[in-house]
Amino acid sequence: MAVSGDSKTKPVRAWQRMLSGRRLDLLDPSPLDIEISDIAHGLARVARWNGQTRGDHAYSVAQHSLLVEQIFREQNPDAPLQHQMLALLHDAPEYVIGDMISPFKAVMGGAYKQIEARLETAIHLRFSLPATVPAVLKKAIKKADIVSAYFEATALAGFSTAEAAEFFGRPRGFHAGHFDLSPRPTAEIERAFINRFNILETQIHG
C-alpha cells in the first residue's frame, strides 16, 4: 500500500529539560548534565507510596532519602563520608523517573532497571563517587532503606504493624518515636536535602 508524504519517522524525544537549563538524555545520561539543584528539586516533589500517606503534605523521596541516610549512619557509625553520600543519593535517579512502588517495578522488569542504573552511574560520576556501589555497601544501604520503609508504612501509609513486619521485617534497635516522620513542605525539604548534601560534600573534599 502506498504511503504519501515523508516515510521517515521523527525520532522519539528521550531527554528532559531541567530547571537548571540542562538537557538530560534519559537513555544516555551524561554526568555533565547532572545538577544537585535539579535532584533536590525533583525528589522534593516526588511522593513516596504513590502519595497514599497521611498528612497535609506528600511524604517525598527527598525526606525519605534524608531518613535513610540518618538510619545508615546510626547503623554504621564508622562509615566513610562517601558511603554516607551514597546513602543520601540512593534514590537520586527518581528525580527523573519518579518513584514506582515495588509491585509496579516487578511488572516493568528490565527496561526500568536499565534506565535507573544508567542514571545512577551518571549521578555518581558527577559527584566523584564510585560508579558502581560495592555489593556489601549496597546491602547496608538497603538495610537502612527497609527500616525506613517499615516506619513509613506504619506511621504514614496505613499498614498495620503485622502487615509491615511481613513485608519489611520488624526493625531492631529503633522505635516509632525515634524519627520525625511528619511530612514536610516541599520547599523546606528541598533546602534540607541540599544542605545535607553540601555538608557531606564539604567534608569529603575539605
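**Figure 1. Nine helices and two strands make up the chain.** This is a predicted model, and reading it from the start of the sequence gives the pattern β-β-α-α-α-α-α-α-α-α-α. The C-alpha atoms fill a box of roughly 70 × 45 × 35 Å along the principal axes. Of the 206 residues in the chain, 41% count as buried. Take the contacts between residues at least 6 apart in sequence, and 67% of them turn out to join residues at least 24 apart.

**Figure 2. The largest nonpolar core has 54 residues.** Which residues have the most contacts inside this core? They are Ile39, Leu89, Tyr95, Phe127 and Phe193. The elements giving two or more residues to the core are α1, α2, α3 (81-88), α4 (94-97), α6 (110-126), α7 (135-155), α8 (161-168) and α9 (186-205). Helix α7 puts in the largest share, at nine residues.

**Figure 3. A close-up of Leu89, listed with the residues that have the most contacts inside the largest nonpolar core.** Setting aside residues up to four places away in sequence, Leu89 touches Ile36, Ile123, Phe127, Leu129, Phe193 and Phe197. Two of these partners, Phe127 and Phe193, are on that most-contacts list too.

**Figure 4. Glu69 of helix α2 pairs up with Arg196.** Is this glutamate buried or exposed? With a relative accessible area of 1%, Glu69 falls under the 20% cut-off, so it counts as buried. The Glu69 side chain makes a polar contact with the side chain of Arg196, at 2.9 Å. Beyond residues up to four places away in sequence, Glu69 touches Gln84, Ala87, Leu88, Arg196 and Leu200. Going by the residue ranges, Gln84, Ala87 and Leu88 fall in α3 (81-88), while Arg196 and Leu200 fall in α9 (186-205).

**Figure 5. Ser60 sits in the loop between α1 (36-43) and α2 (61-75).** The relative accessibility of Ser60 is 2%, so this serine counts as buried. A polar atom of the Ser60 side chain lies 3.1 Å from the backbone nitrogen of Gln63. Neighbours within four places in sequence aside, Ser60 is in contact with Leu43, Ala44, Val46, Ala47, Arg48 and Ile189. Of these, Leu43 falls within the range of α1 (36-43), and Ile189 within that of α9 (186-205).

**Figure 6. Trp49 has a positive phi without being a glycine.** Its phi is near 60°. Like Ser60, Trp49 is placed in the loop between α1 and α2. At 16% relative accessibility, Trp49 is under the 20% cut-off, which is why this tryptophan counts as buried.

**Figure 7. The second largest pocket holds about 170 Å³ of space.** What lines this pocket? The residues are Tyr59, Gln63, Leu66, Leu67, Gln70, Phe179, Asp180, Leu181, Arg184 and Ala192. Helix α2 gives the largest share of the lining, four residues. Sorted by class, the lining has six nonpolar, two polar and two charged residues. Gln63, whose backbone nitrogen lies 3.1 Å from a polar side-chain atom of Ser60, is one of the lining residues.

**Figure 8. The structure holds one cavity of 30 Å³ or more.** The largest cavity has a volume of about 50 Å³. Its lining is made up of Gln82, Met85, Phe127, Ser128, Leu129, Glu201, Ile204 and His205. Helices α3 and α9 each supply at least two of the lining residues. Which helix gives the most? That is α9, with three residues. By class, the lining has four nonpolar, three polar and one charged residues. Phe127 and Leu129, both part of this lining, are also among the residues that Leu89 touches.

**Figure 9. Ser128, from the lining of the largest cavity, has a positive phi.** Its value is near 55°, in a residue other than glycine. Where in the chain is Ser128? It lies in the loop between α6 and α7. The relative accessibility of Ser128 is 47%, so this serine counts as partly exposed, whereas Ser60 is buried.

Terms used:
Residues numbered from 1 in each chain as written. Predicted model: local features only at pLDDT ≥ 70, side-chain atom pairs only at ≥ 80, totals over all residues. Heavy atoms only, no water. Buried < 20%, exposed > 50% of the residue type's maximum accessible area, 1.4 Å probe, protein only. Polar contact = N/O pair within 3.5 Å; in protein donor to acceptor, adjacent residues only side chain to side chain. Contact = heavy atoms within 4.5 Å. Core = buried A, V, L, I, M, F, W, Y, C linked by side-chain atoms within 4.5 Å. 1 Å grid on protein atoms, 1.4 Å probe; cavity = no way out; pocket = protein on both sides within 12 Å on 5 of 7 lines; lining within 4 Å. Points joined across faces, edges and corners; volume = space filled by probe spheres on them. Nonpolar A, V, L, I, M, F, W, Y, C, P; charged D, E, K, R; others polar.
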